[in-house]
Amino acid sequence: MRILRSVRHKVCADGSFMKEFLLDSPVTDGFFAYLRNFGKVESLPGVGEGFYKFEKPDWFSIKGFSRDTTVEVRFKKEVMDLTVDFVYLIFSTYRGEGEEIDLSVLKRREEAIGERVRKRLYGA
């Protein structure tokens with residue numbers, strides 16, 4: 001699955017930066033299950049059938065409907081320059097339900113970015 005382009009973006013009232021991404025194929029329930037490798041995923045049927053929310057605190061969140069070709073990604077503005085490439089990476093490495101994904105490269109990349117995010121946000 002690939003991100004084709006940002007179709008809308010804005011600075012939100014809470015200081016985050018939102019980008020709505022157009023994808024080359026619809027997101028699936030399996031994609032949101034895959035995201036559990038990197039953060040917390042919630043199914044929110046009260047919002048609508050197939051609505052999911054993914055959150056990676058201090059990095060970004062992803063919201064969207066299964067079977068839709070757009071998702072909303074909200075970045076923590078202070079670290080967006082560090083985390084935006086990881087968003088592209090997790091989309092591009094997802095091959096579909098039932099396909100084997102080598103998470104080792106992604107997890108190493110996640111840890112390296114995480115160290116930089118912590119330093120920037122907390123000086124640690």
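Tutor: Helices are DSSP runs of H or I, at least four residues, numbered from the N terminus. Keep that in mind for H3. This is a predicted model.

Student: How many salt bridges does the structure hold?
Tutor: A salt bridge needs a side-chain nitrogen of Lys or Arg within 4 Å of a carboxyl oxygen of Asp or Glu. By that cut-off, the structure holds eight.

Student: Which residue forms a salt bridge with Lys107, and how are the two separated in helix H3?
Tutor: The closest N and O atoms of Lys107 and its partner Glu110 lie 2.8 Å apart. Both sit in helix H3, residues 103-122. Because they are three residues apart there, Lys107 and Glu110 are separated by about one helical turn.

Student: Is Glu110 buried or exposed?
Tutor: Buried means under 20% relative accessible area. Lys107 has 35%, so Lys107 is partly exposed. Glu110 has 10% relative accessibility, so Glu110 counts as buried.

Student: What separates the closest N and O atoms of Glu111 and Arg118?
Tutor: Glu111 is partly exposed at 41% relative accessibility. Arg118 is partly exposed too, at 38%. Their salt bridge puts the closest N and O atoms apart by 3.2 Å.

Student: Which residues do salt bridges with shared partners join into one network?
Tutor: Lys107 and Glu110 form a salt bridge. Shared partners make one network of Lys107, Glu110 and Lys56.

Student: What is the relative accessible area of Arg74?
Tutor: The side chain of Arg74 meets that of Glu72 in a salt bridge, 2.8 Å from N to O. Partly exposed lies between the cut-offs of 20% and 50%. Arg74 falls in that class, with a relative accessible area of 24%.

How values were computed
Residues are numbered from 1 along each chain as its sequence is written. This is a predicted model: local features need pLDDT of at least 70, side-chain atom pairs count only at pLDDT 80 or more; totals for chains, interfaces and linings use all residues. Side-chain values use heavy atoms; hydrogens and water are left out. Buried means under 20% relative accessible area, exposed over 50%, partly exposed in between (1.4 Å probe, protein chains only).
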